[in-house]
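Biologist: Could you take one part of this model and go through it closely, at a pace that suits a first-year student? I would like one connected account rather than a list.

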Amino acid sequence: MKQFNKICLIISAVAAVLLLTGIVMQNASLYKPAAIATAVFFAIGLGSVPSLKGYQYTAWIIAAVVAGMVFPEAFKNWGGVNLRDKTLILVIIQLVMFGMGTHMSLKDFSGLASTGKGVLVGLFCHFSIMPLMGLLLTKVFHFEPEIAAGIILIGSCSSGLASNVMVYLAKANLVLSVIVTAMATLVAPLLTPLLMKTLAGTLIEIRFVDMMMEIIKIVLVPIGAALLHDFLKRASAEQKKKVYLLAAISAVWILTIVFVLQKIVIDHGLVQSMNLSGFFAGAVIAGLVYHWLSLRFPKLDSMMPLISMFGIIYFTTVTTAAGRENLMKVGVLLFIASVIHNAAGYFFGYWLSRLFGMDKNSSRTIAFEVGLQNGGMASGIAGSMGKLGTVGLAPAVFSPWMNISGSLLANYWRRRAPQPPEGGERNAT
């Protein structure tokens, strides 16, 4: 495999030469495919360089951006299927979140009592610094309303697994990171639409309840299914029987909704509640089916990050293709805004935590929790609004950069571990 990666790296270099030749000759039929070949083979080839292997995911994201920019029409419809279809977007984002959930555990919540102060500081910093910084950036850069709303949206989402990975690489407080991520995910259905309504309500129409319902479907339902799988790993025979019974009831409830209630219930609020209950019922069945599959195919859990990665690449490609014209106009400014937004999250997250009396390791953890956002969640919300090409642009630009900056910062801090003072301050929260 390593030999194959090296060959891809060589092909990438050759393609880069063709890319430059095509640009000089102004030959689009040469430089367009060469651009994609350079990006894709470089992403594969990075696997042969141990010191750069950690950037392979980011390289794939960049390849997705290149593909969307060079051949936008190729990523809008496939075989008559609209790649930005809301239902398709919802299914893929649920797969992404389910993949993320399979790497969470019910045990993650058990440390809540011992990290209470750290969690409160983390949540406060996360849901204040990034949304307000996003609002400030929209005032400075004067983007069009829907693009500006996307900046506030990426700042108002919860953190994701990226922050856990960076905290692990930096050797900071991983327990605190996992709990803050889990709690931020749980409160996101309430706080994200609240912040969007408050800060971006003058830019685009925000339907609070509708957005809250969408976030529950996007985040809580798939993660709930994944946590059910985690529960079944250690469940007793009696507990499993109860889950089987619950799954049977859920199946009956879904059939009742599909064949009976959908035809007679017309009130909008009741329809929303009914659909949401159907999603939760589906989560029970999905969690049970996935658990059964994981017993038959033990490597399934290890494959889920790849599925999540595919989902993020899909969103990046489709979003870039849909918003290519806007990116051509404001892409550079949007990138600068994303760099500032991300850096402000690290800076204020760290120093506010120090101000609240957190130790250096925990403050570094909060910095990652604030500076790194759940780009998949933001893209999913933008997709559910039917605004991937505008509201979805900021998440598409922010996500690749945060992975690059996060990796650099994690490696920097890893080499500069704080000296624990007498009394064991290091992981005190």
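Modeller: Just after helix α7, Lys171 takes a positive phi of about 60°, and this is a predicted model, so that value, like the others here, is computed. The helix that comes before Lys171, α7, spans residues 161-170, and its buried residues are Ala162, Ser163, Asn164, Met166, Val167 and Ala170. What covers these buried residues includes α8, which runs over 174-200, together with α14 and α16, the latter covering 393-414.

One of these covering helices, α14, also packs against another partner, and for such a pair there is a standard way to speak: two packed helices are described by the angle between their axes and the distance between the axes. Helix α14, residues 360-371, and helix α13, residues 324-355, have axes that come within 7 Å and cross at roughly 145°, and the crossing of α13 and α14 is right-handed. On the side of α13, the residues that meet α14 are Asn342, Gly345, Tyr346, Gly349, Tyr350, Ser353 and Arg354, while α14 contributes Lys360, Ser363, Arg364, Ile366, Ala367, Phe368, Val370 and Gly371. Taken by character, the residues of this contact between α13 and α14 divide into six nonpolar, six polar and three charged.

Terms used: Residues numbered from 1 in each chain as written. Predicted model: local features only at pLDDT ≥ 70, side-chain atom pairs only at ≥ 80, totals over all residues. Heavy atoms only, no water. Axes fitted to C-alpha atoms, helices over the stretch in contact; angles between N-to-C directions. Helix = DSSP H or I, 4+ residues; strand = E, 2+ residues; numbered from the N terminus. Left-handed = near helix turned anticlockwise from the far one by under 90°. Contact = heavy atoms within 4.5 Å. Nonpolar A, V, L, I, M, F, W, Y, C, P; charged D, E, K, R; others polar. Buried < 20%, exposed > 50% of the residue type's maximum accessible area, 1.4 Å probe, protein only.
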